[in-house]
Amino acid sequence: MTTLPMEYGLTLAMVLFALGLVGVLVRRNLIFMLVSVEIMLNAAGLAFVTAGMRWGQPDGQIMFLFILTMAAAEVAVGLAIIVRLFRQENTIDADATSKMRG
Amino acid sequence: MSDVVFKLVLIATVLLVILHLAGFLIWVERRLLALLQDRLGPNRAGPLGLFIIVADIIKIFTKEDWIPPFIDKPVFVAAPMIIMVTALLSFAIVPFAPGAVILDLDIGVLLFLGLSSMGIYNVILAGWASNNKYALLGGLRMAAQMFSYEVFMGLSLMGVVTLAGSFNLSAIVHAQREGWFIVPQFLGFLIFFIAALGETHRLPFDMPEAESELIAGYHTEYSSMKFGMFFVGEYISVTLFSALMTTFFFGGWLGPVLPPLAWFCVKTAGFIVVFIVLRAALPRPRYDQLFAFGWKFILPAALLNLVVTGALVLWKSS
Amino acid sequence: MNTVFFIAAGVAVISTLLVICHSNAVHALLYLIISFSAVAVIFYLMGAPFVAALEVIIYAGAIIVLFLFVVMMLNLGPVATAQEKAWLQPRMWIGPSILGAILLALTVSLLWRGAPTAAGGAEVGPRQVGAALFGVYLLAVQLAALLMLAGLVGASHLRRRELLPESETKTELLP
Amino acid sequence: MNVYDLLPLIPGIPLAGFLVLALAGGRWRRGAVAAAGCGTVGLAALLTAVVAAAFLRAPPEGFAATRTLWTWVAAGDFAAEIGLHLDALSLLMIAVITGVGFLIHLYSAEFMAKEEGYSRYFAYLNLFVSAMLILVLADNLLLLLLGWEGVGLCSYLLIGFWYRDPANGAAARKAFVVTRVGDTALLAGLFVLYGKFGTLQIGQMLHAAPAVLGSGSAAAALVAALLLGGAIGKSAQLPLQTWLPDAMAGPSPVSALIHAATMVTAGVYLIARHHVFFELSPAILGVVGALGAATLLLAGFSALAQHDLKRVLAYSTISQIGYMFLALGAGAWTAAMFHFMTHAFFKALLFLAAGAVIHALAHEHDMFRMGGLRTRLPLAFWTFVAGSASLAALPLVTAGFYSKDLILFHAWTSPHGGPWLWAAGLAGAAVTALYTGRMVCLTFFGVAHTEVSHRPGVLMSGVMVVLAALSLLAGFVETPHTLGGVSVFSRFLGTALPAPAEPHAGAGAELALQVAASAAVLLGLGAAAYAYLRQPPWFRQLAASSAAAALHRLWSAGWGFDWLYDRLVVRPFVGLARINRGDVIDRLYAGLAWLCRTLHARLSETQNGLVRRYAMGIAAGAVIALAIVAFL
């Protein structure tokens with residue numbers, strides 16, 4: 001198996017992360033915001049795995065597994081909240097649901 | 001070089017056989033169901049009515065490929081392709097005989113699980129893209145059902161993987177020289193079989209189609225060859241799962257006297273027949289019963305199976 | 001090797017870009033599947049086949065199905081797509097894009113300060129990952145299990161009927 | 001089964017009674033409440049009798065029995081046990097407390113029959129008896145303090161029993177706060193003692209005191225002074241006597257039990273119990289005597305000028321406890337305890353009889369509005385007269401005579417005493433006789449001013465008769481040499497308290513002293529009878545004179561102590577509080593809070609509920625942090 005510069009993988013991870021970040025900031029639809037968060041999480045996982053492979057250790061992959069777990073829990077709760085919100089407020093506009101302002 | 005040629009020939013053979021088999025299964029299913037339901041079935045065209053296959057193919061190819069105006073076109077077109085692609089791709093890892101495997105992957109089981117989880121999309125997308133409430137309901141049902149049964153399908157295979165110590169399917173077959181895994185993994189087999197029924201959405205788990213409730217579920221709006229792809233894709237899935245059950249639990253090609261490929265074919269054919277017979281034998285449960293059964297009964301059973309298997313393996317090795 | 005990487009990376013970036021731009025939720029999610037699959041290919045290239053498989057099974061196969069499920073359940077239709085289009089004004093992109101670009105420039109400049117170092121020399125398969133996971137990281141696994149439980153409880157609590165507004169609870173079963 | 005194993009039950013049973021009454025009594029019938037209230041104390045009295053009988057028949061080893069229940073507080077090398085110590089002194093105390101307490105409970109059952117808060121009353125009373133028993137039985141000072149504070153609490157609760165009248169609440173607060181001054185001194189004393197001895201076990205401390213403190217040392221003086229501070233607070237001695245007259249706001253039986261017979265003598269008990277410390281510091285012992293003498297005279301003169309029957313008795317109580325302090329100051333521990341006992345009987349009797357009179361006259365307290373009750377309330381009259389005779393120390397026939405005579409004798413003969421103490425005691429005896437005579441004459445003779453509404457019942461009458469008998473007869477357990485020389489009491493107490501120094505006066509001197517005392521008493525009584533029964537014209541003129549009026553005002557106000565304290569302490573404090581109403585120091589914190597609130601208000605405007613803004617903030621922060629890490 002030929003090698004790959006670590007920087008390639010990390011750069012891709014950063015690009016994806018930045019795209020996810022822009023997605024979170026731009027989109028007003030809560031589902032899209034959640035999707036963008038997933039993109040960011042996935043990019044973080046990619047960075048972990050890449051860094052782990054730099055040393056030929058499984059630790060990076062294990063961190064990816066934990067990120068995966070976290071993402072699954074986050075999506076479950078996040079989507080449940082979205083469904084609730086839609087039932088109650090009849091919208092999934094993040095800007096319209098600002099009841100918890102200070 | 002000869003290696004590449006061998007692989008290419010193998011791929012071509014597999015594709016040819018599987019696709020024809022799927023066509024052939026249309027006839028098998030009709031005849032078998034008729035037999036079980038005490039009626040004749042198709043018996044006019046050709047010997048034993050075998051030409052009904054040809055008639056069906058002609059019908060499917062020549063019907064108008066109508067795309068309704070209210071659908072989401074790209075997704076509507078893409079959905080039937082997914083099942084063909086994922087199901088056929090999965091055959092790449094199945095060892096038909098010693099050395100006769102297209103991709104001898106170390107993570108074969110994982111690839112199969114990945115492809116089967118991608119396979120969900122055909123029904124979901126078809127249901128959503130049809131822009132029809134029955135289709136949507138079918139798609140929703142499929143999403144929840146596949147999502148649930150995927151979980152314990154993977155879990156039930158982990159017992160086999162633990163015993164074989166590998167994700168490689170050839171290695172799993174080799175590990176069964178001492179004895180088929182159906183014996184130590186009987187519970188695992190049962191769970192995998194039930195999950196396979198769910199994954200292929202065959203009766204009794206055909207909620208996504210459920211003609212009596214949802215007309216035809218997710219493929220209500222499909223016609224012609226697009227419908228044909230779903231139709232054939234389902235039979236390919238049935239064949240795939242039969243082959244996998246053979247590989248995982250019944251020693252694959254292993255067997256006395258007969259050549260390995262013959263053993264493999266016999267066992268797979270046996271499972272295909274079981275699939276079809278079950279359709280005639282069991283009624284369709286209610287939607288919520290399906291989930292209660294899955295999460296409250298099968299999932300704990302799969303976990304128990306995994307824990308006991310792990311404990312036994314540890315105990316033996318120490 | 002590098003060619004495959006660049007192709008996969010290109011697919012990942014483009015499809016991700018399409019995800020965040022698309023106004024139709026289902027289409028966006030389909031692009032996301034492609035993006036995740038491309039990332040899975042990259043994992044495989046680096047010698048992490050186990051993670052590659054998990055990326056497909058869990059991310060592409062499960063999490064996105066969940067999203068699709070919710071999108072289909074809410075079934076907002078063409079109105080939502082039009083709404084999305086209205087929200088996605090070009091000027092909306094200016095601030096976030098600048099911020100993202102700065103972040104990207106920062107991190108990439110940090111990354112490429114030194115000479116490139118090789119990664120993925122040897123494959124790290126499921127066996128090593130499993131050994132480490134249930135050895136050194138056993139506690140973390142249990143914590144992750146707790147997290148999942150919390151997620152489960154949270155999600156199941158959120159869908160309780162008595163929390164729903166009055167109109168939702170009055171589901172007439174009999175005429 | 002040793003009889004002394006019953007010891008914990010003696011305070012325990014009234015405590016249980018309190019708990020039951022406090023938790024459930026409100027829903028019971030009055031009969032049940034009274035039965036529970038009186039029964040528990042009666043049972044305690046019975047047990048005391050059993051223990052006392054055993055103690056007298058076969059005294060325990062070292063004339064003391066100790067029972068430790070469990071370790072109460074353990075902190076480092078300090079440990080305080082719930083330990084009970086019984087010797088002759090505490091036996092006398094518990095006998096009086098449970099005996100008189102039981103009688104007063106019985107009296108109360110009828111006296112309070114029509115009051116609301118019946119079960120509350122008995123619960124308090126039971127708690128009081130229990131706390132007082134713990135006080136006198138405690139074998140370490142911490143437990144003693146528990147009982148000490150317990151009786152203080154009960155005193156507060158019972159003075160303010162009729163809490164609907166704000167005046168009663170004020171009186172209760174006053175009692176609580178004034179005695180608290182003494183309690184603080186006692187607490188400080190506890191710290192000093194623990195610092196010196198490393199323990200609060202009374203027996204160990206007394207044993208080690210001569211070696212640890214040394215005779216006449218400053219440490220001994222400090223300890224004794226602090227204990228004395230506690231004693232004068234609880235026993236209403238100068239200068240902390242002002243709370244007791246106001247404490248008469250409580251029901252009459254409460255005055256009888258708490259503010260005459262038992263609680264106020266806790267100070268006497270405290271000093272007697274720790275007599276070793278006082279012997280080690282003669283100067284403080286002298287202060288005790290001087291304080292006693294001064295209190296006795298001041299309170300006696302105050303009593304002369306009171307109109308309220310109960311206030312006369314209150315001042316008389318202060319005065320009589322002054323006698324006890326005088327005896328303590330003279331080192332005559334036995335005499336002090338003897339007077340404590342007789343005083344408990346006759347003062348309880350006087351309060352109960354006064355209560356009966358007040359009850360009969362529909363809560364009329366003013367003596368000048370009574371009069372002529374001799375024939376209409378004969379039982380109250382005769383018992384009251386018996387108590388009064390004992391209080392005035394009518395020679396030969398009353399218990400008060402024998403105890404007071406013993407005190408006067410020791411005041412003269414003891415090395416700590418002297419002519420001055422004796423003279424004060426003698427003058428006090430005359431004054432006591434004078435105000436007692438005045439009280440009896442005004443209440444029971446002369447013209448009737450108020451109609452009798454109803455008469456005491458069987459229970460009240462019976463209790464008064466028993467106490468009257470005790471007031472007259474209890475003195476014969478200890479008689480001077482000239483009158484038989486019975487010494488049962490001093491021999492009994494001699495096992496716990498050292499005998500007073502051998503008198504340096506002979507039988508002739510003793511007789512002379514007795515004659516002098518008797519003469520003073522008879523003179524006082526005669527003068528009172530002459531002045532208030534005959535009411536000669538010159539007496540009226542004297543009373544009308546401006547000097548007499550001024551003197552009357554002064555005495556009536558208890559020598560103006562209340563006025564003095566009001567000017568000296570209360571008003572400055574209230575004034576200070578008024579100045580500091582806005583709480584100067586609090587301003588600082590209020591300002592801090594205002595600052596926080598203002599900043600919070602500004603910051604909370606950024607909480608606009610828009611998730612994307614928050615995400616933007618987080619992202620910008622991350623970018624800045626990264627830039628700092630990267631380029632700095």
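This is a short tutorial dialogue on reading nonpolar cores and an interface in a predicted model.

Q: Let's start inside. Which residues touch the most other members of the largest nonpolar core?
A: For a core, look for buried nonpolar residues joined through their side chains. Here the largest one has 207 residues, and Phe277(D), Phe278(D) and Met337(D) touch the most other members. Helix α15 of chain D, residues 333–360, gives the most to this core, with 21 residues.

Q: Okay, so what does Met337(D) touch?
A: Leaving out residues up to four places away in sequence, its contacts are Leu89(D), Leu92(D), Met93(D), Val268(D), Ala272(D), Phe489(D), Leu493(D) and Leu497(D). There's also a second, separate core of 193 residues; among its members are Val173(B), Phe189(B), Ile276(B) and Ala144(C).

Q: Now the interface. How much area is buried between chain B and chain C?
A: People often give the size of an interface as the accessible area lost when the parts come together. For chain B and chain C that's about 2,000 Å², with carbon and sulfur atoms giving 81% of it. In contact there are 23 residues of chain B and 25 of chain C.

Q: How many salt bridges and polar contacts should I look for there?
A: The salt bridge count between chain B and chain C is zero. For polar contacts, the rule finds two residue pairs across this interface, both at pLDDT 80 or more.

Q: And which elements of chain B give two or more residues to that side?
A: Those are α3 (73–90), α4 (108–129) and α5 (133–164) of chain B. The largest share, ten residues, comes from α4(B). Sorted by class, the side of chain B that touches chain C has 18 nonpolar, four polar and one charged residues.

Technical notes. Residues numbered from 1 in each chain as written. Chains lettered and ligands numbered in written order. Predicted model: local features only at pLDDT ≥ 70, side-chain atom pairs only at ≥ 80, totals over all residues. Heavy atoms only, no water. Core = buried A, V, L, I, M, F, W, Y, C linked by side-chain atoms within 4.5 Å. Buried < 20%, exposed > 50% of the residue type's maximum accessible area, 1.4 Å probe, protein only. Helix = DSSP H or I, 4+ residues; strand = E, 2+ residues; numbered from the N terminus. Contact = heavy atoms within 4.5 Å. Buried area = accessible area lost by both parts, 1.4 Å probe. Salt bridge = Lys/Arg side-chain N within 4 Å of Asp/Glu carboxyl O. Polar contact = N/O pair within 3.5 Å; in protein donor to acceptor, adjacent residues only side chain to side chain. Nonpolar A, V, L, I, M, F, W, Y, C, P; charged D, E, K, R; others polar.
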